[in-house]
Amino acid sequence: MTEHLVVIANREPYAHEWDDSGNVVVQRPASGLVTGIEPMLRAGGGTWIAYGGGSADRATSARNGCVAVPPEAPEYTLRRMWIGEDEYERYYSGFANEGLWPLCHMAHAQPAFRARDWDAYRSVNETFARAAVEETRTGGMLLVQDYHFALVPRMVRNRAPHAVTSLFWHIPWPHSDVAGILPWKEAVLDGMLGADVIGFHTRQYCLNFLDTVERYLECRVDRDAMSVTYNGHRTLVRAYPISVEWPYPSASRADGATLRRELNIPKQAHVSIGVDRADYTKGLLERMEAIELLLEENPSLIGRYVFVQLASPTRMRIRRYQQLADDLRELVERVNARFATASWKPIVLQMRTFSADEVRRYYAMADSAIVTPLHDGMNLVAKEYVAACDDGDGALVLSAFAGAAKELDGALIVNPYDAEQVAQAILRAIRMPLLERRARMQDMRAQIASHSIHHWAAKMLGDLRDIRQRRARFWPQRLPVVAQEAREVVAG
Ligand code: ADQ
């Protein structure tokens with residue numbers, strides 16, 4: 001009997017699409033979750049269960065939805081789930097992204113909760129839970145990813161009590177007052193507490209979650225042990241701050257210099273980079289306004305400063321996101337029209353999804369990064385940028401409301417709502433003496449080196465393995481020995 005890791009995540013790590021000439025092309029999504037989770041499966045093998053959303057996904061998968069990935073050199077299995085378009089819309093755009101996403105982020109977007117969306121959410125969670133039970137029947141460990149699948153842990157536990165399950169919540173968990181808005185909060189919390197371990201990025205989110213369950217469910221919360229006992233089952237609630245690969249496969253500064261020439265950016269100009277999904281929580285409009293203020297207050301930067309923003313269109317079926325994309329283009333045009341000269345413009349906005357290699361060239365080109373989400377579970381871009389600066393030089397302007405701010409002390413920490421403060425921090429990054437830049441960067445790189453994605457995976461899998469060993473006393477016939485591949489993941 002063998003064991004493998006089973007991941008449930010809405011997003012597939014590889015989508016197959018038909019292009020205009022009728023050929024199949026492989027697409028990689030811009031997603032922090034994919035960036036974070038995939039190294040675990042690539043290192044240890046297993047199955048990733050996801051919604052099959054690519055136009056050529058069916059044509060490229062076996063009858064059971066399975067396909068070996070990465071396509072160029074397979075290391076694990078992607079099992080695609082087929083969900084009807086209408087049901088998917090209500091579950092994904094509706095309940096998950098118009099309901100839970102704004103509920104959990106304090107970005108002042110009112111969540112929309114509709115009973116039809118909730119029904120679809122439950123039904124899609126059922127579909128994934130059934131597949132997970134099939135995949136874990138030989139004793140694998142199940143890693144459920146994110147707010148799309150809050151109900152899966154309970155559904156799996158009801159069918160397969162021997163399974164060892166974790167739920168990792170990649171976005172913030174709000175204050176209990178805010179969580180109380182959710183009309184089906186008891187059902188959602190009950191679903192989550194089917195897991196053996198619930199992970200968040202920061203201790204604060206864990207504490208918010210404990211307050212929430214204590215307030216809305218009949219349960220026992222132990223804050224010293226960070227656990228909840230509910231209906232006789234104990235769930236650990238732990239902070240596992242996600243991170244990036246280390247060493248990071250950076251592009252060279254020479255590649256960065258080539259890109260700078262390709263973009264016609266003056267050699268002496270200070271370049272800042274922003275890399276985000278075009279989401280209202282990422283603070284893109286607020287960031288552009290801060291840059292406008294920076295130029296207004298510092299005319300000496302005309303011709304000498306360029307901000308390059310890569311923005312990946314996302315969730316475009318939701319009106320708020322369409323609006324944001326329009327507003328962003330309009331604002332950038334306005335700022336550029338106001339300050340541009342014949343040979344220079346201050347903001348280069350590129351609205352598309354780039355490959356990971358391309359993103360790394362942009363990091364290598366930049367003198368500093370501006371990461372100013374209004375609220376963010378962690379924010380991997382901040383860590384990617386720091387990891388990419390392998391010559392030890394570069395400056396980071398970082399929102400106090402990103403989980404990453406708890407770890408990256410060397411960043412210039414700002415309130416993203418305060419344009420003046422962000423503008424001042426960018427100016428400071430531009431003018432920062434080399435010695436200070438290096439000292440700050442060294443501090444941040446040391447943090448990531450000792451808390452990479454491998455540590456994240458090892459810590460979480462280690463906790464799951466302990467639980468499985470304890471449970472082996474009760475379900476001995478169902479539990480296999482620890483698989484070699486899982487051990488390798490832990491070894492990093
Ligand atoms: P996201 O909200 O997707 O993730 P983030 O952590 O910043 O945010 O990760 C974005 C990823 O997409 C990065 O790897 C970045 O390089 C990539 N990306 C962004 N824009 C891109 C573009 N235009 N082209 C190509 N790639 C692009 C969620 C939570 C975060 C949490 C992660 C992981 O919202 O808070 O850090 O999950 O848990």
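Modeller: Helices, runs of H or I with at least four residues, and strands, runs of E with at least two, are DSSP runs numbered from the N terminus. The model is predicted.

Colleague: Where is Asn379 placed?

Modeller: Two elements flank Asn379. One is strand E16 (368-371) and the other is H13. Asn379 sits in the loop between E16 and H13.

Colleague: Is Asn379 buried or exposed?

Modeller: A residue counts as buried if 20 or more other C-beta atoms lie within 10 Å of its own. Asn379 has 25 other C-beta atoms within 10 Å, so Asn379 is buried.

Colleague: What is phi of Asn379?

Modeller: Most residues other than glycine have a negative phi. Asn379 is not a glycine, yet its phi is positive. The value is near 90°.

Colleague: Is Arg315 buried or partly exposed?

Modeller: Arg315 is found in the loop between E14 and helix H11 (319-339). Its phi is positive, about 45°, although Arg315 is not a glycine. Buried needs 20 or more other C-beta atoms within 10 Å, and exposed needs 12 or fewer. Arg315 has 19 C-beta neighbours inside 10 Å, so it counts as partly exposed.

Colleague: In which loop is Pro70 found?

Modeller: Most peptide bonds are trans. The bond from Val69 to Pro70 is cis, with omega near -10°. Pro70 is in the loop between strand E5 (66-69) and strand E6 (76-81).

Colleague: What is omega for the peptide bond from Trp246 to Pro247?

Modeller: Pro247 is in the loop between strand E12 (233-239) and helix H9 (253-262). The bond from Trp246 to Pro247 is cis. Its omega is near -5°.

Colleague: Which domains does the domain assignment give?

Modeller: The assignment covers the protein chain. One domain has two segments, 5-243 + 453-491, and the other runs over 253-448. They are domain 1 and domain 2.

Colleague: How many residues does the contact take from domain 2?

Modeller: The centres of the two domains are 31 Å apart, taken over C-alpha atoms. Domain 1 gives 21 residues to the contact. Domain 2 gives 21.

Colleague: Which helix supplies the largest share of the side of domain 1 that touches domain 2?

Modeller: H1 and helix H3 (85-104) each supply at least two residues of that side. By class, the side has eight nonpolar, ten polar and three charged residues. The largest share is four residues, and it comes from H3.

Colleague: Why does the shell around the ligand lie between domain 1 and domain 2?

Modeller: The reason is who gives residues to the shell. It lies between the domains because residues come from both domain 1 and domain 2.

Colleague: Which element gives the most to the shell around the ligand?

Modeller: Of the 25 residues around the ligand, Ala30, Gly32, Ser312, Gly377 and Met378 come nearest. By class, the shell has twelve nonpolar, nine polar and four charged residues. Helix H1 (32-44), strand E13 (270-277), strand E14 (305-312) and helix H13 (380-388) each supply at least two. Four residues, the most, come from H1.

Colleague: How far apart in space are Val306 and Ile347, C-alpha to C-alpha?

Modeller: Val306 lies in strand E14. With 24 C-beta neighbours inside 10 Å, Val306 counts as buried. Val306 touches residues more than four places away in sequence, including Ile265, Pro346 and Val348. Val306 and Ile347 are 41 residues apart in sequence, but their C-alpha distance is 5.8 Å.

How values were computed. Residues are numbered from 1 along each chain as its sequence is written. This is a predicted model: local features need pLDDT of at least 70, side-chain atom pairs count only at pLDDT 80 or more; totals for chains, interfaces and linings use all residues. A residue is near a molecule or strand if its C-beta atom, placed from the backbone, lies within 6 Å of it. Ala, Val, Leu, Ile, Met, Phe, Trp, Tyr, Cys and Pro count as nonpolar, Asp, Glu, Lys and Arg as charged, and the others, Gly among them, as polar. Domain bounds come from an automatic or database domain assignment. Two residues are in contact if their C-beta atoms, placed from the backbone, lie within 7 Å.
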